[in-house]
Amino acid sequence: MRSKYNLWFAIGMLCFYTFVSSETAFAAQDDKDIALIFVTSTQQPNRDVIALQEMLQVYTSVDVLAIEEIEEQMLQRYKRIVIFNAYPTVIPEKALAAVNHFQGSAILIGENALQFSPFSKWQQGQIIELRTIGEESLDNPVRWKSVLPSADFEVVKSASTMNESYPFVVKKNNWSYIGDFVNRGTLQYLWPTLMGDLLQLPKPQSHRAFIVVSDINMKTDVGKLEKVVKAFTKNSVPIALEVTPILLDEFEKNIYYLHDNKKLLSYLQKLQNEGYPFILSSTTSPEKSLDYLALRNIYPSISRDESSLFKGSIREESPSLYITQMDNRTIYPMTVGTIPDTDSNPLYTVKRKIDFLLQVPSSSIGIQYPAYVNSSYVQDLVDVLKGHPQIELMNFRQTNQQVKSENVSIVQHKDGEQIIDLSFSKKERLKISFDERPFELILWILVFVVSLFVTLFFISTLRLRISLRKRLFEERKTNG
């Protein structure tokens with residue numbers, strides 16, 4: 001009887017646990033944070049919407065929705081909303097009702113403000129040309145359809161023309177308004193913190209930094225490269241090595257192959273064995289360059305340019321300040337740029353950009369150190385990076401990466417292990433060799449053909465001599 005009671009108790013507890021788990025999962029699914037609502041003429045996210053999504057995702061989860069999708073009950077699951085208005089239009093009634101009843105923190109950006117109830121008492125102003133926003137000067141004036149907020153709104157930031165100042169960012173209770181999203185120049189470093197403050201979001205502090213030793217090709221001075229690598233390694237700073245295996249020099253109208261610099265190739269193979277990560281930079285076909293390195297036991301896990309062969313890529317001129325995901329690929333932006341080859345304070349620009357980036361919550365700090373730049377600047381750069389405890393140095397060898405071409409498969413795990421699978425046929429290996437060294441291969445073929453003819457001639461002569469001696473012996477034997 002007792003065992004039967006225990007059985008029913010166990011079943012009851014299992015049902016209760018299942019119910020609680022399902023309720024928790026359902027609640028978690030409904031517990032959204034930010035709805036980024038866009039109003040565009042195409043009903044598709046534009047470049048500014050994507051930029052807003054990227055900066056808000058640093059703080060929390062973000063759903064991107066078109067204004068046409070919004071219905072009265074949809075916004076109840078969200079804690080915050082951001083409405084980006086890219087062009088003047090009549091907002092659908094269902095969307096207006098949903099937004100007007102929203103109780104959480106909200107930001108409205110751009111056009112159509114007067115249609116929403118928190119701003120309905122405002123007046124529309126003239127179209128003016130802004131020269132500054134906050135304390136940031138604009139390189140080119142921005143045409144803006146000004147608004148005149150009611151007196152109960154607090155002015156957070158003003159914008160100005162040559163002569164007059166206008167409220168540009170204003171706030172009242174949970175609602176905020178931003179006149180326009182001008183995301184260029186030094187303003188791109190302003191928006192993330194401002195958005196976080198207006199939405200009352202906790203600010204992340206860490207910044208992931210990476211250093212790429214670039215411009216490694218057949219012309220690279222191995223001694224200089226070795227000094228740069230040793231300087232970073234001595235300071236326990238992880239680096240990645242960007243290699244151009246086949247250099248197409250358009251100025252000289254010539255092609256340079258990495259194997260022509262045997263000392264450099266041998267050094268890079270040594271670094272591969274020691275676990276340094278490699279980045280592929282290609283001036284010809286990425287697949288051809290990848291095959292070239294893989295055949296020489298160097299396995300790049302990231303591409304310098306966007307390539308369907310790689311899951312990770314470095315982007316030099318990126319509008320983003322963050323490491324982002326796009327189409328199942330990871331993009332690492334070179335946000336700081338390159339160390340210039342100059343004797344006059346080469347780190348000035350680098351330090352300035354790092355200071356800007358540290359104002360942006362969780363921004364990425366990507367730095368390019370060319371192999372031809374003097375290694376004496378490495379220590380100064382390291383001191384700058386280690387002087388900011390919020391900067392976390394990233395090792396590309398300890399990231400998940402995948403490379404897949406017709407002949408090469410590279411799977412890299414976070415522990416640094418690389419699983420390599422090469423499937424070159426003998427015919428393909430011969431073709432690759434011919435593409436790289438046609439004259440050398442032709443010379444070897446000629447040597448082989450000549451050697452074959454010499455061998456055949458020698459065998460033929462030997463056989464003839466044996467035949468003649470045999471015949472002479474038989475004649476002597478017959479004639480006694």
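Let's start at threonine 324, which sits in strand E17, a stretch covering residues 324-326. Keep in mind that you're looking at a predicted model. Is threonine 324 buried or exposed? Its relative accessibility is 11%, and since buried means under 20%, threonine 324 counts as buried. So who keeps it company? If you skip the neighbours within four places in sequence, threonine 324 is in contact with Glu54, Arg329, Thr330 and Ile331.

Now hop over to leucine 290. You'll find it in helix H7, which runs over residues 286-294. Leucine 290 counts as buried because its relative accessibility is 0%. Which residues does leucine 290 contact, once neighbours within four places in sequence are set aside? The list is Leu280, Pro300, Leu309, Phe310, Val403, Ser405, Val408 and Ile410. While you're here, try finding serine 301 too: it is 11 residues from leucine 290 in sequence, and the two are 9.9 Å apart in space, going C-alpha to C-alpha.

Next, let's look at the nonpolar cores. The largest one has 124 residues, and the members that touch the most others are Leu75, Phe232, Leu268, Ile354, Tyr369 and Leu381. Pick isoleucine 354 and see what surrounds it: leaving out residues up to four places away in sequence, isoleucine 354 touches Val336, Ile365, Ile367, Val384, Leu385 and Ile391. There's also a second core, separate from that one, with 10 residues, among them Val212, Ile279, Ile314 and Phe396.

Note on methods:
Residues numbered from 1 in each chain as written. Predicted model: local features only at pLDDT ≥ 70, side-chain atom pairs only at ≥ 80, totals over all residues. Heavy atoms only, no water. Helix = DSSP H or I, 4+ residues; strand = E, 2+ residues; numbered from the N terminus. Buried < 20%, exposed > 50% of the residue type's maximum accessible area, 1.4 Å probe, protein only. Contact = heavy atoms within 4.5 Å. Core = buried A, V, L, I, M, F, W, Y, C linked by side-chain atoms within 4.5 Å.
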